[in-house]
Amino acid sequence: MADLTVLAQRHLDAALGDEHGRSAELILRDGPMRQTIIALRDGVELAEHNSPAAASLQVLVGSVRVTGQDVTDIRDGRIEVLTHHRHAVLALEDAVFLLTTVTSVDGSVSGPERAR
């Protein structure tokens, strides 16, 4: 079992000391599902990239902006479904987030939804 608080601090410290301002670790894998903790120093951006079949982003520390077809700011304590379109992630301040992805899905894929 991963302690997200400990991992968040470890990766934030690593990102702050990294020349590129980032740190990441795959912390869980279950079939096509992956969970990765990612830390970005203020102002660092993950360049625009394709989205996997399904994904969510939960901010643990700080805030990030997801850009692409739409722009969404996500603060600590929030979780959002990610778009199925190309997008980038920008740290609006020092930030750590949990990225959950599904790399393949059998059958058709509908649009993203958030459970209520």
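Visitor: Is R65 buried, partly exposed or exposed?
Guide: Happy to start there, keeping in mind that this is a predicted model. The relative accessible area of R65 is 28%. Buried would need a value under 20% and exposed one over 50%, so R65 is partly exposed.

Visitor: Which residue forms a salt bridge with R65?
Guide: Side chains of opposite charge can pair when their charged atoms come close. For R65, the closest N and O atoms of the pair are 2.6 Å apart, within the 4 Å cut-off. The partner is itself partly exposed, at 45% relative accessibility, and the residue in question is D73.

Visitor: How many residues apart are E48 and R86?
Guide: These two form a salt bridge, with their closest N and O atoms 3.1 Å apart. The pair links distant parts of the chain: E48 sits in strand β3 (residues 45–49), while R86 lies in the loop between β7 (79–81) and β8 (87–91). Along the chain, their separation is 38 residues.

Visitor: What is the relative accessibility of R86?
Guide: Its salt-bridge partner E48 counts as partly exposed at 46%. R86 also falls between the 20% and 50% limits, so R86 counts as partly exposed too. The value for R86 is 40%.

Visitor: Is E80 buried or exposed?
Guide: E80 forms a salt bridge with R78, the closest N and O atoms being 3.7 Å apart. R78 counts as partly exposed, at 43% relative accessibility. E80 has 18%, and the cut-off is under 20%, so E80 counts as buried.

Visitor: How many salt bridges does a search of the whole structure find?
Guide: We have met several of them here, including the pair of R65 and D73. Searching the whole structure gives a total of four.

Technical notes: Residues numbered from 1 in each chain as written. Predicted model: local features only at pLDDT ≥ 70, side-chain atom pairs only at ≥ 80, totals over all residues. Heavy atoms only, no water. Salt bridge = Lys/Arg side-chain N within 4 Å of Asp/Glu carboxyl O. Helix = DSSP H or I, 4+ residues; strand = E, 2+ residues; numbered from the N terminus. Buried < 20%, exposed > 50% of the residue type's maximum accessible area, 1.4 Å probe, protein only.
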